[in-house]
Amino acid sequence: MVLYRTITKLLEDEAISMHVPGHKNNTIGQLDAFDFRYDMTEINGLDDLHEADGILRQLNEKIGGKYPGYISQMMVNGTTNGILSAIYGLKHLNKKHFIVLEGAHKSVHHALEIAEVSHEVVSEDAFFSHSFMERDVAVITYPTYTGGCFDIGTLIGHVHAGDGVVITDEAHGAHLDITGAFPSSSMKYSTDIAVQSYHKMLPALTMSSVIFMKPEFYEAILKYIDYFETSSPSYMLMLSMEHAHDFYISYSDEQFHEKRGLLINKLRRTNLEVMEMDDPAKLLINHIDHSPYTIYGAFVGASIYPEMVTDEGVLLCLPLFHEGDRYPFECLLTRIESLVIQDVKSDSSLDLSFLRGKVCQRTMIPYPPGIPIVFEGEVITSGHLKSITHALMNHVRIEGIKQNIAYYTGKEKQ
């Protein structure tokens with residue numbers, strides 16, 4: 001029971017969550033109303049998620065009411081499943097070329113690779129330079145991992161002006177529009193398909209996601225959801241999505257803004273720099289005298305677990321505080337006040353120079369956030385190596401680095 005002991009130890013240490021999932025160690029929402037007896041299967045009365053015509057169809061329709069004009073489908077394989085199914089579904093509808101706005105999650109790149117479709121990754125300037133046609137699909141990540149928003153409506157309008165189709169990877173946006181104080185979803189600007197991770201910011205269990213589709217894309221995408229998703233969907237996950245949706249519909253943000261303000265003031269009084277992101281549920285933390293990696297270590301040392309650390313700063317995902325929540329807010333403030341910020345020497349002996357000029361054998365991805373640095377088949381440059389080495393020296397996990405090192409170490413020894 002190694003995993004059990006590890007998680008139990010975190011709970012015994014009263015670890016404070018500033019990361020996903022949105023239920024924050026079951027302190028936001030009321031997921032504790034469920035127990036393992038609810039883990040059922042497709043018995044009489046509980047319907048079939050892949051061809052829902054009963055209670056699950058009703059629940060899908062209920063969630064779809066979040067954004068009129070869209071059909072929704074719950075998924076238990078996460079947003080990755082929705083991205084994969086959307087790309088295959090559009091390929092099925094003869095959409096032949098995909099334009100990916102830079103900053104996309106690895107799931108987008110994986111889906112494009114296995115679907116074997118023509119695609120290119122572009123900057124925002126190049127995006128607007130592209131003349132979209134009916135065969136084209138734009139894939140846009142909105143909001144960004146760190147809670148950045150931009151003029152999504154203008155991007156969508158540009159694609160639609162040429163009769164193109166838009167997929168929005170809205171994994172970090174299931175809580176958008178929850179009140180007027182939060183940014184709006186891309187669905188307010190008529191994106192064609194949006195995929196939301198209900199579990200990231202709302203109180204739902206991990207892997208709980210919903211895909212929203214305009215009706216003309218529903219059948220083609222549902223076909224591939226049936227292909228890629230487990231045939232035994234978890235009723236626990238679907239229950240948690242229903243709970244998260246009800247939480248969304250009834251949410252009041254007074255407690256959120258009050259506690260958010262107190263938290264920001266406490267952070268700043270501790271000499272931390274706080275960047276308030278477009279999404280008010282995301283904060284980026286820095287310190288004038290210390291690196292983000294040092295600050296991250298200080299948080300973890302105080303049993304406060306942020307979502308991510310990069311050169312930009314330490315990312316905190318705030319809870320959606322509400323009346324009656326069980327989040328240990330006072331304890332959080334106390335621990336922040338007592339943070340011990342102390343620089344730790346990183347390992348400067350790491351030498352990956354032998355990879356310079358080599359062809360990448362496995363895409364290398366810092367995780368989180370899951371946005372690739374260098375793709376399989378690309379030539380590894382000095383710039384790539386600088387980013388990778390810097391991340392590894394600061395104990396950031398890089399997926400794919402071991403495979404590249406092993407491949408070229410073995411090859412050079414021959």
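A residue is called buried here when its relative accessible area is under 20%. The structure is a predicted model, and this cut-off settles the status of His23, which at 13% relative accessibility counts as buried. His23 is placed in the loop between β1 (16-18) and α2 (55-64). Leaving aside residues up to four places away in sequence, His23 touches Ile28 and Leu31, together with Leu202, Pro203, Ala204 and Leu205. A polar atom of the His23 side chain also lies 3.4 Å from the backbone nitrogen of Asn25.

Lys24 is found in the loop between β1 and α2 as well. Its relative accessibility is 1%, so Lys24 counts as buried. Although Lys24 is not a glycine, it has a positive phi of about 50 degrees. Most residues other than glycine have a negative phi. Asp177 is another non-glycine residue with a positive phi, in this case about 70 degrees. Asp177 is placed in the loop between β6 and β7, and because its relative accessibility is 16%, it counts as buried.

The strands on either side of that loop belong to an open sheet. Seven strands make up this sheet in the order β2-β8-β7-β6-β5-β3-β4, with mixed pairing. At its edges stand β2 (71-75) and β4 (118-122), each of which pairs on one side only. Direction ignored, neighbouring strands are turned against each other by 15 degrees on average. Within the sheet, β6 (residues 165-169) and β7 (residues 193-197) pair in the parallel sense over three bridges. Ile167 has Ile193, in β7, as its bridge partner. Helix α8 (residues 215-228) lies across β2, β6, β7 and β8 (209-213), and runs at about 15 degrees to β2.

The loop between α7 (198-201) and β8 holds Ser208. With a relative accessible area of 0%, Ser208 is buried. Its side chain is joined to that of Ser240 by a polar contact of 3.2 Å. Beyond residues up to four places away in sequence, Ser208 touches Met75, Ser197, Tyr198, His199, Leu237, Ser240 and Met241.

Two peptide bonds call for separate comment. The bond from Tyr142 to Pro143 is cis, with omega near -10 degrees, and Pro143 is found in the loop between β5 (136-141) and α6 (152-161). A cis peptide bond also joins Tyr367 and Pro368, where omega is about -5 degrees. Pro368 is found in the loop between β14 (365-366) and α13. Most peptide bonds are trans.

The UniProt record, an unreviewed entry, places the feature "domain: Orn/Lys/Arg decarboxylase C-terminal" at residues 349-385. Over this stretch the chain is 11% helix and 5% strand, and its end C-alpha atoms are 14 Å apart.

Helix α13 comprises residues 382-393. What span should its twelve residues have at 1.5 Å a residue? The expected value is 16 Å, and the end C-alpha atoms of α13 are 16 Å apart, so the two agree. Buried residues in α13 are His384, Leu385, Ile388, Thr389, Ala391 and Met393. An α-helix has 3.6 residues a turn, so residues three or four places apart point the same way. After α13 comes His395, whose phi is positive, near 65 degrees.

Notes. Residues are numbered from 1 along each chain as its sequence is written. This is a predicted model: local features need pLDDT of at least 70, side-chain atom pairs count only at pLDDT 80 or more; totals for chains, interfaces and linings use all residues. Side-chain values use heavy atoms; hydrogens and water are left out. Two strands pair if DSSP finds at least two bridges between them. Helices (H or I, at least four residues) and strands (E, at least two) are DSSP runs, numbered from the N terminus. Axes are lines fitted to C-alpha atoms, for helices over the stretch in contact, and angles run from 0 to 180 degrees between N-to-C directions. Contact means heavy atoms within 4.5 Å. The expected span of a helix is 1.5 Å times one less than its number of residues. Buried means under 20% relative accessible area, exposed over 50%, partly exposed in between (1.4 Å probe, protein chains only). UniProt positions are given in the numbering used here, feature names are shortened, and annotations may be inferred rather than shown by experiment. A polar contact is a pair of N or O atoms within 3.5 Å; within protein, one must be able to donate a hydrogen and the other to accept it, and residues adjacent in sequence count only if both atoms are side-chain atoms.
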